[in-house]
Amino acid sequence: MISTPSKLPGTGTNIFSAMSLLAEQHQAINLSQGFPDYDCDPKLTELVNEAMKGGFNQYAPMAGLLSLRELIANKVQHLYQASYNPETEITVTAGGTQAIFTALASCINPGDEVIIFEPAYDCYAPTIKMFGGLVKPYVMHAPNYTIDWDMVKKLFSANTKMIILNSPHNPTGCVLAEKDLQELIKLTKNTDVLILSDEVYEHVIYDGQPHLSVSSYPELKERAFVVASFGKLLHTTGWKTGYCIAPSFLMKEFRKIHQYNVFSVNTPMQVAIAKYLEDTSVYTALSLFFQEKRDSFRNMLAQTKFELLPCKGSYFQCVTYKKISQESDVALVTRLIKEFGVAAIPLSAFYSRNTDSYVLRFCFAKKQETLEKAVERLMKL
């Protein structure tokens with residue numbers, strides 16, 4: 001029998017797929033995986049249809065349609081006062097995860113150390129390990145998931161190659177503050193340490209707060225890959241379309257991998273997105289749209305036995321259940337699905353070590369009636 005050693009021997013099906021499958025099996029309301037249960041703007045699908053009928057059905061340029069890259073450059077300049085060359089510093093990707101994978105593939109070699117902040121989006125650690133890198137986790141704790149940068153500094157070594165940031169943060173909904181970015185500037189000054197900034201929820205931020213993009217800080221911009229997502233912006237997660245921006249010396253290496261990974265991204269979607277986002281109000285409207293959902297969902301959840309944790313960004317609400325049960329978070333989410341018909345995600349899935357802080361994550365990117373029905377069931381717990 002032929003056998004080959006696994007590159008990720010401890011990795012199985014991710015928690016999102018597992019919970020969604022269990023929810024489907026038990027006809028549970030799925031508040032686990034981060035995707036909307038409502039349609040995107042019909043104008044957007046009409047534009048895709050027009051692009052297909054207009055003959056835009058062959059390969060796009062490897063880096064993405066220039067019209068879309070120019071739009072991205074204009075958007076970043078307007079929002080973050082950061083200049084990127086659409087020819088050499090912007091690449092359209094097959095979603096944010098592909099951009100993260102490709103950025104890591106382009107620069108992580110065996111023995112390189114990468115600092116991540118846990119709980120962390122589940123693709124970071126496996127991808128680092130796939131390329132022989134070593135994960136150095138900094139563990140954040142409920143309820144506020146703040147960062148002690150003096151402790152982060154202690155994770156640095158001669159082998160530190162990269163720091164991965166994520167703000168607004170999945171799964172906790174926390175956001176980086178000005179003091180965090182200033183500490184990061186001090187920490188990386190006079191080093192060759194790179195930054196990968198996962199900013200896919202950049203437009204899902206609340207209470208009038210601005211999104212503090214790494215691209216706004218010249219000292220960070222010069223060493224950073226910044227990843228964004230059209231799926232989150234346009235309620236089209238299934239289109240798997242996003243982008244990466246970076247200085248030309250980093251983007252050159254990024255594209256070397258990108259061309260052999262996916263080569264190019266869905267052409268009619270790019271044509272449609274470039275046309276649709278000529279209306280810049282789309283960016284500002286999104287935070288208001290989701291803030292209404294967040295506020296409504298939090299008000300309803302307050303009637304349950306769960307304790308609400310802060311949610312300053314993203315479309316995820318975390319809760320603690322310490323006063324309800326001492327069972328593990330995996331056991332509780334399984335019971336919620338089977339006995340109460342609501343699916344959530346256990347936060348322990350976002351840690352590399354066995355860390356159970358009695359916290360669950362709910363996704364509120366759902367129809368109002370979906371959220372109401374889910375909370376009705378959760379009130380029975």
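Where is Pro119 found? I'll start there. Pro119 is in the loop between β3 and α5, and the bond that joins Glu118 to Pro119 is a cis peptide, with omega at about 10°. Before I go on, please keep in mind that this is a predicted model.

There's another cis bond to show you. Ala142 and Pro143 are also joined by a cis peptide bond, again with an omega of about 10°. For Pro143, look in the loop between β4, residues 134-139, and α6, residues 149-153.

While we're on backbone oddities, find Asn190. Asn190 isn't a glycine, yet its phi is positive, about 60°. You'll see Asn190 in the loop that runs between α7, residues 178-188, and β6, residues 194-198.

Okay, pockets. The largest pocket comes out at about 730 Å³. It has 27 lining residues, and the ones nearest the centre are Thr11, Asp122, Ala125, Pro126 and Ala349. Which elements each supply at least two residues of that lining? They are α4 (95-107), β3 (113-118) and α5 (124-130). The biggest contributor is α5, which gives six residues. So we've met β3 and α5 already, as the two elements on either side of the Pro119 loop. As for chemistry, the lining of the largest pocket splits into 15 nonpolar, nine polar and three charged residues.

Now the second largest pocket, at about 510 Å³. Here 26 residues make the lining, with Gly34, Thr97, Tyr121, Lys232 and Lys240 closest to the centre. Two or more lining residues come from each of α1 (15-25), α4 and α9 (230-234). Which element gives the largest share? That's α4, with four residues. By class, this lining has seven nonpolar, 14 polar and five charged residues. Put that next to the largest pocket, with its 15 nonpolar, nine polar and three charged.

You'll have noticed α4 turning up in the lining of the largest pocket and in that of the second largest pocket. Let's see what α4 packs on. Its partner here is helix α10, residues 248-261; the two meet at an angle of about 120°, with 8 Å between their axes. Angles between 115 and 145 degrees fall in the oblique class, and α4 and α10 are therefore oblique to each other. The crossing of α4 past α10 is right-handed. On the α4 side, the contact is made by Gln98, Ala99, Phe101, Thr102, Ala103, Ala105 and Ser106, and they meet Glu253, Phe254, Ile257, His258 and Asn261 of α10. Sorted by class, the α4 and α10 contact has six nonpolar residues, five polar and one charged.

One more helix pair, if you'll bear with me. Helix α3, residues 66-80, packs on helix α11, residues 267-276, at about 40°, and the axes are 9 Å apart. That angle makes α3 oblique to α11. This time the crossing is left-handed. Ser67, Leu68 and Leu71 from α3 touch Gln270, Ile273 and Ala274 from α11. What classes do the residues of this contact divide into? Four are nonpolar, two are polar and no charged residue takes part.

Helix α3 also brings us to the cavities. There are two cavities of 30 Å³ or more. The largest cavity holds about 50 Å³ of space. Around it sit Val76, Tyr80, Glu199, Glu202, Ser213, Ser215, Val226, Ala228, Tyr243 and Ile245. At least two of the lining residues come from each of α3, β7 (224-229) and β8 (242-245). The class breakdown for the largest cavity is six nonpolar, two polar and two charged.

The second largest cavity has a volume of about 30 Å³. Its lining is Leu165, Ser167, Leu176, Leu181, Ser197, Glu199, His211, Leu212 and Val214. Those divide into five nonpolar, three polar and one charged. If you're colouring residues as we go, give Glu199 a colour of its own: Glu199 lines the largest cavity and Glu199 lines the second largest cavity too.

That's my tour. Happy to rotate the model and go back to any of these spots.

Definitions and conventions
Residues numbered from 1 in each chain as written. Predicted model: local features only at pLDDT ≥ 70, side-chain atom pairs only at ≥ 80, totals over all residues. Heavy atoms only, no water. Axes fitted to C-alpha atoms, helices over the stretch in contact; angles between N-to-C directions. Parallel < 35°, antiparallel > 145°, perpendicular 65-115°, else oblique. Left-handed = near helix turned anticlockwise from the far one by under 90°. Contact = heavy atoms within 4.5 Å. Nonpolar A, V, L, I, M, F, W, Y, C, P; charged D, E, K, R; others polar. 1 Å grid on protein atoms, 1.4 Å probe; cavity = no way out; pocket = protein on both sides within 12 Å on 5 of 7 lines; lining within 4 Å. Points joined across faces, edges and corners; volume = space filled by probe spheres on them.
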